[in-house]
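Please open the structure in your viewer and keep the selection tool at hand. This tour goes from stop to stop, saying at each one what to select and what is there.

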2 protein chains.
Amino acid sequence: MEDSDTVLGKALGILRAFGPADSVLPLAELVRRTGLAKGSVHRIAGDLVRHRLLDKTEHGYRLSGGLFELGMRAAAERTLLEVAMPFLQDLYERTHETVHLGVREGHEVVYVAKIGGHRQAKAPSRAGGRMPLHCTAIGKVLLAYAGEDERTAVLSAPLERRTPHTVIAPGLLRGQLVRAVETGVAYEREESTPGLLCVAAPVLAPDGLTAVAAVSVTGPVGRFRPESHANAVRAAATALGATLARRRP
Amino acid sequence: MEDSDTVLGKALGILRAFGPADSVLPLAELVRRTGLAKGSVHRIAGDLVRHRLLDKTEHGYRLSGGLFELGMRAAAERTLLEVAMPFLQDLYERTHETVHLGVREGHEVVYVAKIGGHRQAKAPSRAGGRMPLHCTAIGKVLLAYAGEDERTAVLSAPLERRTPHTVIAPGLLRGQLVRAVETGVAYEREESTPGLLCVAAPVLAPDGLTAVAAVSVTGPVGRFRPESHANAVRAAATALGATLARRRP
DNA sequence: AAAGAGCGTACCGCTCAGTGGAACGCCTTC
DNA sequence: GAAGGCGTTCCACTGAGCGGTACGCTCTTT
């Protein structure tokens, strides 16, 4: 799906052929998804196994633990994760709902952490996973604090309708972003996933103008009242921001 | 440090040149660590940047978020992590000490998760990081439930002394392993890091004979009494084991 | 100010690693 | 028993990758 004229490109193509859903893919499927020659996929996959990026099972290939280890060394997300963990922990303990930590990556959110208990609302989000900016609470917060150019770029592109509640009117969304900056929190009400509500607050950089990340609390329609957690989320996010600022003088 | 005759090998060499400690490395340092030609490192690093595995900063290269995303797709650790999270959460809430989840990878532990609060004892462990088997509570548990051949392999090799308390006598360690199987928990008392104590329990496969992972609670010498958390750790680990068994019929 | 060291970048001709089409054997499925 | 899908192996061609060389830059040193 990308440029596959270099060995590295092909290898990455194979690795990225694994969607968030699939755990083990047979060779033929990899050939199909990557569009590469069967022989090439066979050989490269073999190399990847040798390098502990893939595991070869009876039924095909699987992303290996070596990849996990490598990914956890990524500097930015790792330090963010480590510093944030205590605050996320506090937040969870106070709310006992699913807690997310996310950063912006282009026009999407990438979740850096997701913690929750047994009775958590089953959200499609996963650590390392992505979501559109416009239909999630974290996304809205991040978008609200993104540069004006980024914001208009997102708002002028067609906004994908994920559920009947997804806000796809740019004007409406822009209003929500303004309110997010004013109030320090953004909400999502079944806009990305039916049955899920969410509050998010920004983790601001020392300048107070840009968001380096965002924290959210998610819960199911019914028992969950996002507004009642707004303060907790805001507190966690600002505390995290202050701690991050203290680390990098 | 590995085989670097294939492009992929060189690329991996570059990525793995990043130790857990360093966040940004200049080109020259990568050349030094990998032993590759300067031109090659330059070109490959450029390719890696293009593929979102590296970021290029003012002061050098840095492992990028793309790597984090990719690593989080690793099937085994991801599902383990997701299923385990609620149990780890419970355990943390009950103890308010640092909680670890680890799996065995060769003769080392790989930590899949690490959660803790503000007052956590600062351990050198990190998610995605490694530790020797013989000097950690999780390692001992995993070793106790490993195959007999694996166990003797570890015990017959010289055991690295990490601290004055590290158990390096194979007989002594073997005794601890036997006790671990009998009691369902293993302990570590400043054997990997001065000032740290730890209790761990195995997450057993349905057969009840092999451990798929291990859970631990860590705390500082002084206030922390590992024995008093043995039951909580054991409970969390067995509950997790039961849940995992239910998922794969 | 000049010399030096270390850095990132750019160039380029040689060559062998990587390529992908073809063919094979092994399974199901129809 | 034909047909199709699968994983694997083989092999001759070729251009991607290689690494030595060279340049410009910014510091530090003398």
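Before the first stop, one definition is useful: a helix here is a DSSP run of H or I with at least four residues, and the helices are numbered from the N terminus. Please also keep in mind throughout that this is a predicted model.

**Stop 1: a glycine in a helix**

Select B:G9, which is found in helix α1 of chain B, the helix made of residues 7–16. Is B:G9 buried or exposed? Since residues under 20% relative accessible area are called buried, B:G9 counts as buried because its relative accessibility is 5%.

**Stop 2: two residues with a positive phi**

Keep B:G9 selected and add B:R52, which is 43 residues away from B:G9 in sequence, while the two C-alpha atoms are 18 Å apart in space. B:R52 lies in the loop of chain B between α3 and β1, the strand of residues 54–57, and its phi is positive, about 65°, although B:R52 is not a glycine. With 28% relative accessibility, B:R52 counts as partly exposed.

Now go along chain B to B:E190, which is found in the loop between β6 (186–189) and β7 (196–204). B:E190 is not a glycine either, and it has a positive phi of about 55°.

**Stop 3: DNA strand D**

Next, select DNA strand D and show the protein residues around it, of which there are 14, with A:A28, A:R32, B:K10, B:S40 and B:R43 coming nearest. Of the atoms of DNA strand D that come within 4 Å of the protein, 74% belong to sugar and phosphate.

Three contacts with phosphate oxygens of DNA strand D can be looked at one by one:

- At A:A28, a polar backbone atom is 2.7 Å from a phosphate oxygen of the strand.
- At B:S40, an N or O atom of the side chain is 2.8 Å from a phosphate oxygen.
- At B:R43, a polar side-chain atom lies 2.7 Å from a phosphate oxygen.

Which helices should you colour here? At least two residues of the surface near DNA strand D are supplied by each of α2 (27–34) and α3 (38–50) of chain A and α3 (38–50) of chain B, and the largest share, 3 residues, comes from α2(A). If you colour the residues of this surface by type, you will find 6 nonpolar, 3 polar and 5 charged.

**Stop 4: DNA strand C**

Turn now to DNA strand C, which is surrounded by 15 residues, the closest being A:K10, A:S40, A:R43, B:A28 and B:R32. Sugar or phosphate accounts for 80% of the atoms of DNA strand C within 4 Å of the protein, and the rest belong to bases.

Again, three contacts with phosphate oxygens can be selected:

- A:R43 places a polar side-chain atom 2.6 Å from a phosphate oxygen of DNA strand C.
- B:R32 has a side-chain N or O atom 2.7 Å from a phosphate oxygen of the strand.
- B:L27 has a backbone N or O atom that lies 2.9 Å from a phosphate oxygen.

For the surface near DNA strand C, α3 of chain A and both α2 (27–34) and α3 of chain B each supply at least two residues. The residues of this surface divide into 7 nonpolar, 3 polar and 5 charged.

**Stop 5: a sheet in chain A**

Show chain A as a cartoon and find the open sheet of 3 strands, which pair in an antiparallel way in the order β1-β3-β2. The edge strands are β1 (24–25) and β2 (54–57), each of which pairs on one side only. Strand β3, residues 60–63, runs antiparallel to β2(A) and is joined to it by 4 bridges; to see one place where residues face each other, select A:L54, which stands opposite A:L63 in β3(A).

**Stop 6: an enclosed helix**

Select helix α6 of chain A, residues 137–144, where 8 of the 8 residues are buried, so the helix is largely enclosed by the rest of the structure. Among these buried residues are A:I138, A:G139, A:K140 and A:V141.

**Stop 7: arginines over rings**

Finally, select A:Y187 together with A:R189, which lies over the face of the A:Y187 ring at 5.0 Å from the ring centre. In chain B, B:R189 lies over the face of B:Y187, at 4.9 Å from the ring centre.

Definitions and conventions
Residues numbered from 1 in each chain as written. Chains lettered and ligands numbered in written order. Predicted model: local features only at pLDDT ≥ 70, side-chain atom pairs only at ≥ 80, totals over all residues. Heavy atoms only, no water. Near = heavy atom within 4 Å. Polar contact = N/O pair within 3.5 Å; in protein donor to acceptor, adjacent residues only side chain to side chain. Nonpolar A, V, L, I, M, F, W, Y, C, P; charged D, E, K, R; others polar. Lys NZ or Arg CZ within 6 Å of the ring centre and 35° of its normal. Pairing = 2+ DSSP bridges. Buried < 20%, exposed > 50% of the residue type's maximum accessible area, 1.4 Å probe, protein only.
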